[in-house]
Amino acid sequence: MRNIGRGNMMEDEEKSHHTKYEIFLQERISEIRQSEQNFRNSIENSPLGMQIVTAEGETLYANRSLLRLYGYSTIDELGNIPVSQRYTTESYAEHLERKDKRRQGIPVPSDYEINIICKDGKVRC
């Protein structure tokens, strides 16, 4: 009978450990979700215009500040305009040069200025 008692105690300890581990995991998952939401809110509400693009130049995401900067209401509206038409001729040429260098593994400065063409046709520096 002692063995049965020990077996039950071990099962109870395993269940208790498993329950504590599940609680720990749920707490971590909740913390990660909150961290992700905080990050999203920071990007979306940033006063700086930010976008995420594919290697081919397709806009996947643009925050409100970037849309306002260009004068567009939605990411679809912005995405329908080719990059070549959103930059001035000079800025677009520089963009292509940086893009080519990145593909070749050549370092490019992370800070640079561009001149863009807004929805209303005005150039912004």
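Is Glu14 buried or exposed? Hold on to that one for a moment, and hello everyone. What you see above is a predicted model, so please keep that in mind as we walk through.

Back to Glu14. Its relative accessibility is 55%, and exposed means over 50%, so Glu14 counts as exposed. You can find Glu14 in helix 1, which covers residues 2-44. Glu14 also has company: together with Glu11, Asp12 and Glu13, it forms a negative surface patch.

Now let's step back to the whole chain. The protein chain has 5 helices and 4 strands. Starting at the N terminus, the order of elements is α-β-β-α-α-α-α-β-β. The radius of gyration is 26 Å, while the globule rule gives 14 Å for 125 residues, so the chain is more spread out than a compact globule. Along its principal axes, the C-alpha trace spans about 90 × 35 × 25 Å. As for burial, 15% of the 125 residues are buried.

Let me show you one of those buried residues. Tyr87 sits in the loop between helix 4 (83-86) and helix 5 (89-103). Tyr87 counts as buried because its relative accessibility is 11%, and the cut-off for buried is under 20%. Have a look at Ile114 as well: Tyr87 and Ile114 are 27 residues apart along the chain, yet their C-alpha atoms are separated by 7.4 Å.

Next, the charged pairs. Side chains of opposite charge can pair when their charged atoms come close. How many salt bridges does the structure hold? There are 5, and I'll point out a few.

Let's begin with Arg64 and Glu44, whose closest N and O atoms are 3.3 Å apart. This pair links distant parts of the chain, with Arg64 in helix 2 (residues 64-70) and Glu44 in helix 1, 20 residues apart. Both partners are partly exposed, Arg64 at 40% relative accessibility and Glu44 at 23%.

In helix 5, Glu97 and Lys101 lie 4 residues apart, about one turn of the helix. Their side chains meet in a salt bridge at 3.5 Å, N to O. Glu97 is partly exposed at 47%, and Lys101 is partly exposed at 30%.

Finally, which residues are linked with Arg28 in a network of salt bridges? They are Glu27 and Glu31. Within that network, the Arg28 and Glu27 side chains meet at 3.9 Å, N to O. Arg28 is partly exposed, with a relative accessible area of 28%, and Glu27 is partly exposed too, with 40%.

Thanks for listening, everyone!

Conventions:
Residues numbered from 1 in each chain as written. Predicted model: local features only at pLDDT ≥ 70, side-chain atom pairs only at ≥ 80, totals over all residues. Heavy atoms only, no water. Patch = residues over 30% accessible without salt bridge, like charges linked within 9 Å, V, L, I, M, F, W, Y side chains within 5 Å. Areas by Shrake-Rupley, 256 points an atom, 1.4 Å probe, with all protein chains shown as cover. Salt bridge = Lys/Arg side-chain N within 4 Å of Asp/Glu carboxyl O. Lys, Arg positive; Asp, Glu negative; His and termini not counted. Charge placed at Lys NZ, Arg CZ, Asp CG, Glu CD. Helix = DSSP H or I, 4+ residues; strand = E, 2+ residues; numbered from the N terminus. Buried < 20%, exposed > 50% of the residue type's maximum accessible area, 1.4 Å probe, protein only. Rg over C-alpha atoms; globule rule 2.2 N^0.38 Å.
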